[in-house]
Amino acid sequence: MPEAILEVQNLTLKFGGLTALDDVTFHINEGEILGLIGPNGAGKTTCFNAVTGVYRPTSGNILFQGGSIVGLKKHKITQRGIARTFQNIRLFPTMTALENVLVGADAQHSTGMLTALFRLPKHRREERDGHDRAMELLRFMGIHRKADELAANLSYGDQRRLEIARAMATNPKLICLDEPAAGFNPAEKVELMNLIRKVRDQGFTVLLIEHDMKLVMGVTDRIVVLEFGSKIAEGSPAEIRDNPAVIAAYLGVDEEDAS
Amino acid sequence: MNFDFFFSNLPELTITGLAFGAIYALIALGYTMVYGVLQLINFAHSEVFMYGTFATLWVVMALGAADADGVQLIAILIAALLAAMALSALIALALERVAYRPLIKRDAPRLIALISAIGASFVLAELMGLRDRIAGWLHLDDNLSEYVRKAKINNSMAGAIEKPRFEVAGVSISSIDVIVIVAAIGMMILLDQFVRRSRLGKGIRATAQDPETAALMGVNPTRTIQYTFLIGGLMAGVAAFLYMLKLDATNYQVGFLLGVKAFTAAVLGGIGNLRGALLGGLVLGVAENWGQALIGSQWRDVIAFVLLVLILLVRPTGLLGESLGKARA
Amino acid sequence: MNTGLKSKVTSLPKPVKILIWLLLALLAYALPLLEPPILSTPDSDFASVLFTVSIYCLVALGLNIVVGYAGLLDLGYVGFYAIGAYTVAILTSFHASWPLLLAIPVGVVAAMVSGIILGAPTLRVRGDYLAIVTLGFGEIIRLVVLNTEWLGASKGINNIGRPPNVGDAPDGLFELPHLFWGNGTVLLDTKDTTKFLIFGYSDAVPFYWVALTAVIVVLFADRLIKNSRVGRAWEATREDEDAAELMGVPTFKFKLLAFATGAFVGGLAGGLFATQQSFINPQSFLLLFSILYLAAVVVGGQGNRWGVLIGAFLVAYLPERFRGFEDFRVLAFGLALVLLATLRPQGLLPPRRTVRAKQLEQELDELEEGAGGEETARA
């Protein structure tokens, strides 16, 4: 029996009168790629935001490695081991690609003002380690030649790749990718799919929001389907493909959408 | 603490406070509307007001209010009011054109817009302060009357207008205070109805909520922003006229303090909220006047600043909430 | 613009670079003795002007940490400057007679503590609200001083302590002559000398040296902090606060740190200002100065320490050099702010990719050439 790294239990989130998430329960096993899909407005990103601490759940619980993370500050959750990317790219535009990744790597560091000011051994060690790790990740994503470009000057695809590198740099156990393939052409999507598998093979657990059904079916181990804030199905890609409720709610619509 | 003085003069203190508060409220409108539409603190709005005070002073002096009475005096005052409104509106429109529109077009960060506003504020104040020097270069200074030339502290208007007081139930009330309060509240009600009902007002509210959708629905954003500045300028002009009626004196730096206080009033009532501006202005005016009676007039300005800091810390959305603009986190 | 020159300078061997920097520093120290003709100010004491310029540089470096690095608009920076100055004034003259070298650290700490007290509640409010709260803070400090007899009120405080002399008064260890520039001739002026190292009323040169040293130290510290986790956290917070938080940056803590660091430097500048002036009153701490400091930071290019120094130099020096136009300086800086915001929001010298990053690029290229085969095999 694989161990669950993240457990979302009866998660409910209301904004005023609007129920964005209604009693959603699912879990992610260590080392798997879980797809979170659903039509627009189904609550996928809201669910992400609840997991990463942007929204506070109205009720329900979120356990990460057995401990509740509800109510923790966003940066604390990141330091515990959950990292994410954003649907609309949110890099630090006037910092270089390398510096962007270094900010991620700094999440696990503790150098403060005085340590930096006097260049104490800890600063040197963390700086060296962070730098090595950052370059390694940039190379992994295939953008190491652009390490010194400003993030704003990178191509759209490279910005998406940089976001993944930055998230990985925080040394997370769970990495949440919010529509990483949005705006990619089919060839780039295939490349990204392979990349996500490689990310998993490095020992990360992946939670993936994606619109493109081909990509989701091809890469994920299990899929959770949301509609109007409720979970309507859960299972392996093959099961989801044949689930009539999912087809009714989502696939039919999306086929037109995607092609 | 001077409680005896405070309690024995409470009605007078309150009425004077309300009069000042009404003036703050009228200036606050400019801040609140521009903030509602652009999410920008129009730091230079204080100078829009300051120019209005000078316009009032010049017209009152040039038309010889000191020797006029009755219908003639009222005509002069109306002319002064119109002049103040016109000059303030002109300055507000110029501000929008020069200091903001280039930034809005480029979608510049809000801090840059605020810096531009601060710069514009200093340029406007200094131009007024240095106008005697500028006139000197143009060899105009011999032709200028004393009241036009004096920039630092200009109290030429003192005594030009008679200010009768009357008594109600043993409380001595200045007629000017009553005029100020009634005029300000009247203007606010007028404006509130205008924004609620007129086509233009609806456009302003729509732009405040969602500029892109408003633009798609046929609201011209540039025009709407212009009108917002125009209305703010007109109101500042009215405020300037009432201020001069009450205090007689102005100087080229008068805008700064009044601007900060009016902004405090806007935040106090809930920035972006027209009724909030009125409530915030009146509350601030009264609090300030009561406070100075209690702990001494030299602390008057400190009271306003402390109140501002406290509100922002305790309830940054203000008393009535932020309504003109969209809900923000 | 001058990338050719820039790359030539950066490619020089390290000892040569250090030598160039040392020479530049020496030149800066010698400037008030040299009194070069075009640069020196005919209408006012050149050394005093240089001292003022150094203080502005110090203030601008401090404010740059707050505005340029962390992106927090502070319109009341003069408040911290005032706290530093008044602490020194009170401790060395008005209510005690501490030695200056003890009073300045206390003033600096007082400024820093007030920064934390002000920052802890206000750094949570929206950015443009912060600007107004700090503006209010700066004015409250001034008005409180103005109305408090215990703080000297409007009369101010005089006889503020001076740094201890090195060597015996009145002549010090030795005397350094100033240069005199006649018509085409340069003479050593033996009547006009600076005594090493006497902190007197008439000669601002020793004070300038102290202030310049402070600028250099802060410049080094700034560089060390900027190129570290702290500097990156500031920048990330400025660029996108939410994203930074989600990347594990405790943004509030770092904003507070920036605020406190800025206050620290501001307090130091205020303390130095007080001792050189020997007399302070509330007139030295008007809102106008907060705006001038901000102008220095924005004009030079917020976020770039050299740009900021140039901005400080322009703001402090130009009005002294061209005394006839002093009345117009606020007008000029207001105009400069509008023009910069509308035409060149990044300032004269915007922050650019660091030299370190450039070097890395070269290293990478070399590595690439060596390991090209392996790379293609992996891909």
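Here are three short exercises on a predicted model, each with a worked solution.

Residues are numbered from 1 along each chain as written, and chains are lettered from A in the order written. Local features need pLDDT of at least 70 and side-chain atom pairs count only at pLDDT 80 or more, while totals for linings use all residues, and side-chain values use heavy atoms, without hydrogens or water.

**Exercise 1.** Find which polar contacts the side chain of Arg119(A) makes with Ala116(A) and His123(A).

*Solution.* Start by locating Arg119(A): this residue sits in the loop between helix 4 (113-117) and helix 5 (121-140) of chain A. (Helices are DSSP runs of H or I with at least four residues, numbered from the N terminus.) Next, look for polar contacts, meaning pairs of N or O atoms within 3.5 Å, one able to donate a hydrogen and the other to accept it; residues adjacent in sequence count only if both atoms are side-chain atoms. The Arg119(A) side chain reaches the backbone oxygen of Ala116(A) at 2.9 Å, and meets the side chain of His123(A) at 3.2 Å.

**Exercise 2.** Decide whether Thr228(B) is buried or exposed.

*Solution.* First find Thr228(B) in helix 11 (residues 221-247) of chain B. Then check its relative accessible area: at 1%, Thr228(B) is buried (under 20%; exposed is over 50%, partly exposed in between, with a 1.4 Å probe and protein chains only).

**Exercise 3.** List which residues Thr228(B) touches, leaving out those up to four places away in sequence.

*Solution.* Use contact, meaning heavy atoms within 4.5 Å. You should find Met33(B), Val34(B), Val37(B) and Ile204(B).

Key: Helices (H or I, at least four residues) and strands (E, at least two) are DSSP runs, numbered from the N terminus.
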